[in-house]
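Please open the model in a viewer and keep the selection tool at hand. The stops below say what to select next and what is found there.

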Amino acid sequence: MENTVVRKNDFTKQLILFACNHGVWVIFFVIFALGSSMVPGFFSTYNLMNVLWGNIPFSFMALGMFIMLLVGETDLSLESIFAIAPIGGAVLMTKYAQGVVTPGVAILICLLVGMLAGAINAGISVYLRVNSFLATLTMMLVLRGIAQYLIPEGLYYLPETFIALGDETVAGIPLAVIAFIVVAFAVFVLTTRTVFGKNLYATGSSETAAYLAGLNTRRIRSYAFILAGLLAALGGLIGSGRMQAVTADMGQGDIMMCFAACFLGGSSMSGGNGEIIGLVGSILTLSIITNLMNLVGVNPFLVKIVYGIILLLAIIFANVQQDIRKRLLLADMAA
């Protein structure tokens, strides 16, 4: 009889944890169903494909923030890396090294700029021990200023090879969507099936405990910064392809919605929490909310208010999730 009760309790706990970790998918399906039934044109293939395509660049930035939050850090500069990385490649390709830097090399430069920015953030935050919020806030301002200096009016008519990842389709499916699926799956495998992924969670849960267990927490956190910078750069490259141009204001103001996406997906500021499947659900949820507001014709000033409310609700949602996890853990320890 006791075994039966224990099994029921275990099943209940697992069910609560599942609902806690994946509740955002319930929100997604409810909003999707309401939009499909109440807003004309929402359920069309053309609209849904545009929703996916248009939000892929932002999704890569959110992936980068997800990695940072896993180790208990933040990176506000991701929105500026999103701009400066493709700008760096495009400027060399079209101005300073025209004829030498080919579109393929420019793409490689774009990704390297993202990794370099992440490495600089890691150096300041991890090795100089500056709070990551303050370090990346400074980097965000510096990189945005460099972007505005390099191309105050933007660059247009870029080579097709450079913009292909954000502009081309394969069998009617945007190449950007395929790229995100591949990268998101790669991050899923990295964080759940590799030693490095386990080390990310361990470092975020308790850096002191991870260090005492023999992990090089400085190196792990540094890799997280570099990987986040790479993902933001990839998002910027796709965003430039989507616009068929690079501008200095690319990604500006999107960092707050990255936080919202991560918090809705189960991540927290304290680190060690979150799963890719939850993040994907939150990205889709935020994407369709934005799309529905556009279709309904919500006043642009009210849109900012809605985004602020979403961010607040996401923070509350993340706190509730964390509180439930702690209570279940304490209950297990007491048993």
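**Stop one: serine 80**

Begin by selecting serine 80, which is buried, with a relative accessible area of 1%. The model is a predicted one. Serine 80 belongs to helix α3, which covers residues 78-96. Display its side chain together with the backbone of methionine 140: the backbone oxygen of methionine 140 lies 2.7 Å from a polar atom of the serine 80 side chain. With residues up to four places away in sequence left out, serine 80 touches Met140, Leu143 and Arg144.

**Stop two: the nonpolar core**

Next, select Phe60, Leu63, Met65, Phe66 and Leu279, the residues with the most contacts inside the largest nonpolar core, which has 92 residues. Helix α2 gives the most to this core, with 14 residues. Now centre the view on leucine 279. Not counting residues up to four places away in sequence, leucine 279 touches Ala62, Leu63, Phe66, Ala261, Cys262 and Gly265.

Move on to cysteine 258, in helix α11 (residues 255-264). Is cysteine 258 buried or exposed? Its relative accessible area is 0%, so cysteine 258 is buried. Show its surroundings: beyond residues up to four places away in sequence, cysteine 258 touches Phe58, Met61, Ala62 and Met65. For a sense of scale, draw a distance from cysteine 258 to alanine 106; their C-alpha atoms are separated by 26 Å, and the two residues are 152 residues apart along the chain.

**Stop three: helices α8 and α10**

Select helix α10, residues 217-243. This helix has 27 residues and reaches 39 Å from its first C-alpha to its last, close to the 39 Å expected at 1.5 Å a residue. Of the 27 residues of α10, 19 are buried, so the helix is largely enclosed by the rest of the structure. Glutamine 244 follows α10, and its phi is positive, near 60°.

Add helix α8, residues 195-205, where Gly197, Asn199, Leu200, Tyr201, Thr203 and Gly204 are buried. Which helices do the buried residues of α8 pack against? They pack against α2, α7 (175-193), α9 (207-212) and α10.

Then show the side chains of arginine 242 and tryptophan 53. The charged end of arginine 242 sits over the ring of tryptophan 53, 4.5 Å from the ring centre.

**Stop four: the aromatic rings**

How many aromatic pairs does the structure hold? There are 10 aromatic pairs. One of them joins phenylalanine 32 and phenylalanine 43 in an edge-to-face arrangement, 5.8 Å centre to centre and with 75° between the planes. Phenylalanine 32 lies in helix α1 (residues 2-38), while phenylalanine 43 lies in the loop between α1 and α2 (45-70), so the pair ties together parts that are 11 residues apart in sequence. Phenylalanine 43 is exposed, with a relative accessible area of 52%. Extend the selection to Trp25, Phe28, Phe29, Phe32, Phe42 and Phe43, which form one aromatic cluster.

**Stop five: glycine 123**

Finish with glycine 123, in helix α4 (residues 103-127). Glycine 123 counts as partly exposed, at 25% relative accessibility. Draw a last distance to asparagine 50: glycine 123 and asparagine 50 are 39 Å apart in space, C-alpha to C-alpha, and 73 residues apart in sequence.

Definitions and conventions: Residues numbered from 1 in each chain as written. Predicted model: local features only at pLDDT ≥ 70, side-chain atom pairs only at ≥ 80, totals over all residues. Heavy atoms only, no water. Phe/Tyr/Trp six-rings, centres within 6.5 Å; stacked < 30°, edge-to-face > 60°. Helix = DSSP H or I, 4+ residues; strand = E, 2+ residues; numbered from the N terminus. Buried < 20%, exposed > 50% of the residue type's maximum accessible area, 1.4 Å probe, protein only. Lys NZ or Arg CZ within 6 Å of the ring centre and 35° of its normal. Expected span 1.5 Å × (residues − 1). Polar contact = N/O pair within 3.5 Å; in protein donor to acceptor, adjacent residues only side chain to side chain. Contact = heavy atoms within 4.5 Å. Core = buried A, V, L, I, M, F, W, Y, C linked by side-chain atoms within 4.5 Å.
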